[in-house]
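Reader: I have a structure open on my screen and would like to talk it through with you. Could we take it step by step?

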Amino acid sequence: MPIPTPFYTRASALCESYEWHNWSGYLAAGLYEPSHEREYFAVRNAAALFDVTPLFKYEVSGPDALRLVNRVMTRNVAKCKVGQVMYSPWCDEDGKIIDDGTVSRLDENRFRITAADPSLYWFQDCGYGMDATVIDVSTALAALALQGPHARDILKTFVTGVDLDNLKYFQFTEAQANGFPLTISRTGYTGDLGYELWTAPENAEQLWDILLDRGRGYGLAPAGLTALDIVRIEAGLLLIEVDFISAHKALIESQKSSPFEVGLGWTVALDKADFVGRRPLLAEKKAGPKWQFVGLEIDWVFLEELFDTVGLPPQVTGRASRAAVPIYKNGKQIGQATSHTFSPVLKKYVAIGTVESRYASLGSQVEIEVTVEYSREKAKATIVRTPFFNPERKRN
Amino acid sequence: MSQKYDAIIIGGGHNGLINAAYLARAGKKVLVLERRYLLGGATVTEEIYPGFKYSVFSYVVSILRPEIIRDLSLPKHGLTILPLESTLTPLPNGDYLYRDGDHFRTLRDIARHSPRDAGAYDDYSREMFFMAKAVKYMLGIIPSDPTSLNPKDLMGLAGLGKHLRSLGEEKLYTLTKLMTMSAADFLEQWFESDPLKATLSASGIIGTYLGPRSPGTAYVLLHHYMGEIDGAFRAWGFQKGGTGAIVDAIAGAAREFGVEIRTDAGVTEVIVKNGRATGVVMENGDEIQADIVVSSLDPKRTFLDLVDQKYVPDDLLTAIRNFKIRGSSAKINMALDAAPDVACMPGYGPHLRGAISISPSLDYIERAYDDAKYGDFSRRPYIDMIIPSMIDPDMAPPGKHVMSCFVQYAPYKLREGTWDEKREALGDAVVNTLSEYIPNLKDIILHRQVVTPLDTERLTGLTEGNIFQGELSLSQLFFLRPVPGYAKYRTPIKNYYQCGSGTHPGGGITGAPGRLAALEILKDRS
């Protein structure tokens, strides 16, 4: 049975939908109101508050902390300054992704890492023989993600000791809020302006209350995983176990992915000292990856025509779908779309997935499977750049 | 000053700009001339009171055509339609009827008033879905004239006939009833509870000078359901930044296609030489030449004001003079110091993010109409209210709010006195009516803007302040809009076209007249 997070008393009081998910053993709201629409638009138009406590969190410290983290991560963490955050995947010996997360450099010799899955043993094993300690701080920190164009305005009403206007994208800072300490990290999973807030569990309810109170005038809405799933697809962000499978969970070789195959080639710092998976990744880089991550835009007019043959408007779900569907080129399957959604802000039906590299060029026309009244049909789609939605305010 | 354009569009409202964008997209050199300092016509957002943004006239988007959204890439230019899902009808006895996106909660609330109605509700919605689907076809075609033997008309009619037959007998009967019945009679086929009938009927009278029991009002009910047929693409809700932001998005798209847009650029006259339009004369006396002149103004302005009447055949003049464009509604916009507290649903809640409809009973609305029939504004008006700042926090400073009240009836022609004398009396009637349901209202009003039909006419140029550029009654729709023989955007003057809401398929922020007119113009030029 999933257990409550430190925000549960507050979140459950507002969760009219009674729709809860099991996120890493914790109760996570799917949506608060009967429809997720307002929560979705809160992210893009006002501000939304997500409980992201279920993420696993680790702290690495000691003289060899950087060495350890740099051995695990594909990115060059030596370049990460104190106060900076880096997104990075980490791989197994074969260069296949195990997990991904953010690395915050708390100090010269101290890092905090987020992970989707329990990773203590992996980090400790990778540091075997090094003078560094890895501890699991997952339950020592409660976390909220405050995301949306008004996120900064809301924080400014109660946070002291920081200059939020100068806190850049992928930077974090320590701050004070109503007398308790808070870590503010300008990161998120929405592709919008936003922050992740970390505090001790005993401050959790107080933090939630302040945010809801101060956020009201800015249209703040608590939001759940349903809205999050749409915005992260718009942002072109991958979800583990949906868009790729952890090498530690894959049952067959073909289920594994390298960073190059899921659009994360930019995170692979082959020029840094040895790290786990470097050699096979170097070889893959030379040979070129077999698969590539793509964004797809499904031709809505074609979709309308397709559904019109049975007399219906396009029956696309209002929620994101994680049911993978085949992608075709000239009738032959070339890959799969792993997440798809109608984007209300873009008024487009979009998908992310992987296709064979030779078919992955931008602008190329492919087909994607859609079901029209039980019948499997192929809809026209175009390979387009991701993120689909990328507002300037995310970085400004 | 002499410049030459392929096309000049008179009026920078949404239809004018859409028309311009489509013409420019086809390679034409296009100039849009707007008399006011800002674009939009009746689709504007203005900061009338500092820090508070009013959607001065139109306030929601219902059926902006998806093809326009796509063709002009409007989301890229700022189109963001936020959900507006609930409707609260407060009742004089302290009760209410509340409908929102939670289907079963809605049915439960309807059942409190009538268990029978809760059962009929889905049937009604389904029927309206079919009706909307039937009518959608007509919104997208050039209206063919059944009296014409022109092959294009015959083909069009054949297509329409085929479409209508494909609906099946029953749906065709319902469609005919919808076109001819009163909203009240039509709704009474399904429902018995008064708050539900009245609130649904209200969407049938918006913009008309008719009551819910007047024949022909059922058709306008459909407007509420038109969004459904577009599935996930639906464009029903509140535009972020107010309706003016829709026009900003359209103008952005138009400019990207190369359209030149001038504001503070009123046109006094269309120049006609040898039976064809050759340009326009500006208020400042300048003349601008163009091969095509398109008027997005209402039919009265298009035919009676902009061109010398000697160029307009007598029968057309008569028909235009008889065209029904009676102003019947007003708009009250308010800046509020705090959130309104609705007595029947106290406190802060999702009901404040939807519509609040003062429509407790059919008799209530019909009585409001009775006042108007004899030239008075309704003492107890029908009010459709939304609080835009609850949906889009950027409409007002944090914690403060704007309130938009659509008010009916406010006849343009008053029996006694003038609107300049009665403006605030109307404002008081609205505030007094609302205060019965929102006790704290009078304490929180920071500013009030009363937009009478006369003000709408003065500001936007819409004759009599009619929001649809002519009533949406069967006698003025399809091949009859604006008048028989001139329903295809052309005029008796060569190269002079019409593209406003006074043309098919009519008013509301649909963009369809602007687009269809552009397609017809391009046909003539190819």
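Reader: To begin, how many helices and strands does chain B have?
Author: Before counting, please keep in mind that this is a predicted model. Chain B contains 18 helices and 18 strands.

Reader: And what radius of gyration does chain B have, set against a compact globule?
Author: A compact globule of 526 residues would come out near 24 Å, and because chain B has 22 Å, the two agree. Along the principal axes, its C-alpha trace spans about 65 × 55 × 50 Å.

Reader: What percentage of the residues in chain B count as buried?
Author: The share is 63% of the 526 residues. As for the outside, the accessible surface of chain B is about 18800 Å², and carbon and sulfur atoms contribute 51% of that.

Reader: Switching to cysteines, how many disulfides does a search of the whole structure find?
Author: The search finds zero over all chains. A:Cys126, for instance, is in no disulfide, and the nearest cysteine sulfur belongs to A:Cys91, 11 Å away. B:Cys405 is likewise in no disulfide, with the sulfur of B:Cys344 as the nearest cysteine sulfur at 15 Å.

Reader: Are those two, A:Cys126 and B:Cys405, buried or exposed?
Author: A:Cys126 has a relative accessibility of 7%, which is under the 20% cut-off, so this cysteine counts as buried. B:Cys405 is buried too, with a relative accessible area of 0%.

Reader: Now helix 17 of chain B: how many of its eight residues are buried?
Author: Six of the eight are, so this helix, which runs over residues 453-460, is mostly covered. The buried ones are B:Pro453, B:Leu454, B:Asp455, B:Thr456, B:Glu457 and B:Thr460.

Reader: What covers those buried residues of helix 17?
Author: The cover includes helix 11 (299-305), strand 13 (329-336), helix 15 (419-435) and strand 17 (445-451), which also belong to chain B.

Reader: And which residue follows helix 17?
Author: That is B:Gly461, and its phi is positive, near 85°.

Reader: One last spot, over in chain A: where is A:Thr267?
Author: A:Thr267 sits in the loop that lies between helix 7 (225-234) and helix 8 (278-287) of chain A. With a relative accessible area of 1%, A:Thr267 is buried.

Reader: Which residues is A:Thr267 in contact with, leaving aside its neighbours within four places in sequence?
Author: Those contacts are A:Thr74, A:Arg75, A:Tyr87, A:Pro89 and A:Pro259.

Definitions and conventions:
Residues are numbered from 1 along each chain as its sequence is written. Chains are lettered from A and ligands numbered from 1 in the order in which they are written. This is a predicted model: local features need pLDDT of at least 70, side-chain atom pairs count only at pLDDT 80 or more; totals for chains, interfaces and linings use all residues. Side-chain values use heavy atoms; hydrogens and water are left out. Helices (H or I, at least four residues) and strands (E, at least two) are DSSP runs, numbered from the N terminus. The radius of gyration is taken over C-alpha atoms; the globule rule is 2.2 Å times the number of residues to the power 0.38. Buried means under 20% relative accessible area, exposed over 50%, partly exposed in between (1.4 Å probe, protein chains only). Accessible areas come from the Shrake-Rupley method with a 1.4 Å probe; for residues, only the protein chains shown count as cover. A disulfide is a pair of cysteine sulfur atoms within 2.5 Å. Contact means heavy atoms within 4.5 Å.
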